[in-house]
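Please read the points below alongside the sequence and the model. They move from one helix to the cores, then to the sheet and the chain as a whole.

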Amino acid sequence: GKFFTIVSSGDKGAVEASCNQCIIKGKSSKDSIVRGFYQPNSNFVSHLKKWHSSEYDKYEEYKKTNGGNPKCPRQTTLHFTVTKEAACKSKTERLIMNYIVRKMEPLSLVEDEAFIDLVKGKPSSYEVGFSLNPEASIFCTKTLRSRINAEFSHLQTILKTELNRHKWLCCTADVWSSRHRSFMGVTVHWIDSHLERKSAILAMKRFQGSHTSERVTEWLVNILKTYSIQDSVSSIVTDNGSNFVKAFKDYGLEEIMRPGEEEVELVGGIEFDPEAADLRLPSHIRCASHTISLVATTDLKRGLEGEKVDSTNRRNKIDFKSTMNSTFGKCSAIWNKVGRSVQVAEAIKTISGRCLVQPVATRWNSTYDAVDCLLTLKDFIDKICEAAEVHKFQYIELEFLEEYKTALKPVAWALDKLQSEKDFYFGYVAPVITKCYADLEKTVTEKTKPGFASIIASHLKNGISKRFGTILSLDTVNAQREVLSALLLPCVKFRWVPEKSREGLKTYFIQQVKDYANRHHLLTTETCSERSSWDDCFEGDNANMEANSSSASSIELESLPSSAPAERLFSYGGLIVHPNRCRLSDDMFEKLLLLKLDSKKLKF
């Protein structure tokens with residue numbers, strides 16, 4: 001141009017130019033070269049100012065007139081390509097973060113060479129088709145952490161806003177230990193305006209120190225206060241651990257406990273004065289799944305001690321306990337071999353075409369499922385025993401497994417139902433328990449001569465009667481919550497109630513709904529006094545039933561009978577906390593878990 005002559009230009013606006021004044025003064029072409037950029041052009045301006053002051057003054061005057069023409073303001077033009085690249089870059093970074101959170105990948109993945117090549121491509125292959133986005137700028141691990149923190153704060157705000165819209169909430173809570181660390185998991189559940197159940201994760205916090213009832217109370221109260229829902233939560237569902245039981249006994253509004261239920265003893269802690277802290281918990285519901293699981297394990301084991309039974313294929317009496325021990329001894333030997341030996345596991349899969357299901361102590365129904373799996377492979381059982389180097393099953397032992405499955409089937413069915421979350425309400429507890437008890441009673445009375453199934457079912461029936469006796473007897477004092485919530489469900493109503501108890505329970509139910517309606521001004525006195533209208537509701541169609549009982553049942557609908565959602569939360573936690581991620585902080589672990597599970601549920 002006027003002051004410099006361009007020699008060459010490169011990428012991103014780089015340029016080399018020779019100074020016209022230096023050439024006039026006799027300098028060589030090489031010495032007159034100045035390197036810089038079109039914008040900014042500070043290198044060229046500095047050269048004129050330092051070596052050619054007179055030319056610099058001319059440059060300033062030239063700049064004011066914009067090359068001889070009066071300078072006029074112009075609107076800045078933003079090229080579409082620049083905007084598109086920026087948007088693409090932002091979208092790529094968002095997708096990278098979502099991928100790492102949802103697939104539970106290590107945060108350091110963003111600095112992995114193979115991952116960078118996947119997104120940007122190698123330097124020699126930056127053309128389209130060799131990478132996802134060559135222009136993407138992949139952030140470092142530190143930047144990813146800060147973005148996860150911001151995303152988590154935004155998620156908490158959305159969740160808090162959503163929860164504060166609802167009057168009734170239910171929570172489940174449990175404590176989980178993994179790799180020498182303990183965590184408290186809390187979930188929340190509610191019913192939306194379309195009568196659909198919604199769920200979210202509130203916390204998965206590191207729980208250090210002794211698991212005493214005082215510390216359990218403090219943690220639960222703090223978690224509820226974080227979301228400002230301490231007055232909206234009507235109940236919290238936990239297992240029968242002694243620390244949870246004592247916490248709600250000392251600080252809870254009330255406890256839903258049935259006669260015959262017992263605490264599961266844990267390692268004790270420090271006694272404390274309940275008045276030492278201003279703490280308050282909602283009402284406590286003991287996990288029905290855990291309680292019925294105790295029936296199938298603890299109660300059954302106690303009841304079978306010393307039992308004897310006549311075999312269907314032998315005249316002499318066979319000791320029930322020895323038959324059971326020998327049968328499950330062989331089953332346990334097979335399961336242990338499969339878990340410890342890859343060769344045995346592969347051999348059994350080759351023989352039967354599938355892997356064996358192994359029982360897990362902390363998983364309900366696992367023993368039943370494992371026995372069921374063995375029985376489906378009954379045709380291969382001898383070869384399986386040979387592969388595992390275990391004594392073959394005798395006929396009486398296989399008969400025991402068949403009848404064990406028959407006897408446990410009603411309990412397994414009840415456990416599967418009680419663990420449901422999306423389409424299960426507290427009102428289903430009483431009908432499920434009642435049906436389970438009726439099926440067990442049918443198994444007991446089915447055979448004229450006692451067999452294995454009838455004796456196992458008899459002890460299971462006794463356990464159900466002991467732990468759920470108030471429900472079976474329709475005790476409207478100790479089992480009021482279970483009975484009324486079942487009657488309020490339009491799809492259940494009185495169908496599960498025995499015919500002889502139906503009229504008396506109907507009268508009690510109508511009076512309870514009237515009392516509730518009067519207290520909350522839902523119905524006028526004149527309407528309540530018309531008995532025929534109420535008879536139509538309970539004997540007629542489901543629509544009337546739902547319309548008249550929806551307000552009264554709102555407090556019962558949101559409650560869950562099982563703490564299974566908290567148990568499922570821990571299964572996801574185990575996928576994140578593994579040996580390769582031992583450096584992951586407790587705070588980041590919670591944020592990753594909640595972002596993964598809550599983002600999809602809240603459509604975030």
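Against which helices do the buried residues of α12 pack?

1. The buried residues of α12 pack against α10 (320–340), α13 (381–388) and α14, where helices (H or I, at least four residues) and strands (E, at least two) are DSSP runs numbered from the N terminus. Helix α12 itself spans residues 366–376, and its buried residues are Ser366, Tyr368, Ala370, Val371, Cys373, Leu374 and Leu375; buried means under 20% relative accessible area, with a 1.4 Å probe and protein chains only.

2. A caution on the source: this is a predicted model, in which local features need pLDDT of at least 70 and side-chain atom pairs count only at pLDDT 80 or more, while totals for chains, interfaces and linings use all residues. Residues are numbered from 1 along each chain as its sequence is written, and side-chain values use heavy atoms, with hydrogens and water left out.

3. The largest nonpolar core (a set of buried Ala, Val, Leu, Ile, Met, Phe, Trp, Tyr and Cys residues joined through side-chain atoms within 4.5 Å) has 84 residues, of which Ile292, Ile334, Leu408, Ile456, Leu460 and Ile464 touch the most other members. Helix α14 (residues 395–418) gives the most to this core, with 12 residues. Because domain 3 (169–257 + 277–287 + 562–602) and domain 4 (291–305 + 318–520) both contribute residues, this core lies between them; the domain bounds come from an automatic or database domain assignment.

4. Leucine 408 is in contact (heavy atoms within 4.5 Å) with Ala296, Leu300, Tyr368, Ile456 and Leu460, leaving aside residues up to four places away in sequence. A second, separate core comprises 60 residues, among them Cys171, Ala173, Val175 and Leu594.

5. Strands β1, β2 and β3 form an open antiparallel sheet in that order, pairing being assigned if DSSP finds at least two bridges between two strands. The edge strands, each paired on one side only, are β1 (4–9) and β3 (33–37), and the twist averages 35° from one strand to the next. Strand β2 (residues 14–19) pairs with β3 over five bridges, and alanine 14 stands opposite phenylalanine 37 in β3.

6. Helix α2 (residues 42–51) lies across β1, β2 and β3 and runs at about 140° to β3; axes are lines fitted to C-alpha atoms, for helices over the stretch in contact, and angles run from 0 to 180 degrees between N-to-C directions.

7. For the protein chain overall, the secondary structure comes to 24 helices and 11 strands, and buried residues make up 46% of the 604 residues.

Terms used: Buried means under 20% relative accessible area, exposed over 50%, partly exposed in between (1.4 Å probe, protein chains only).
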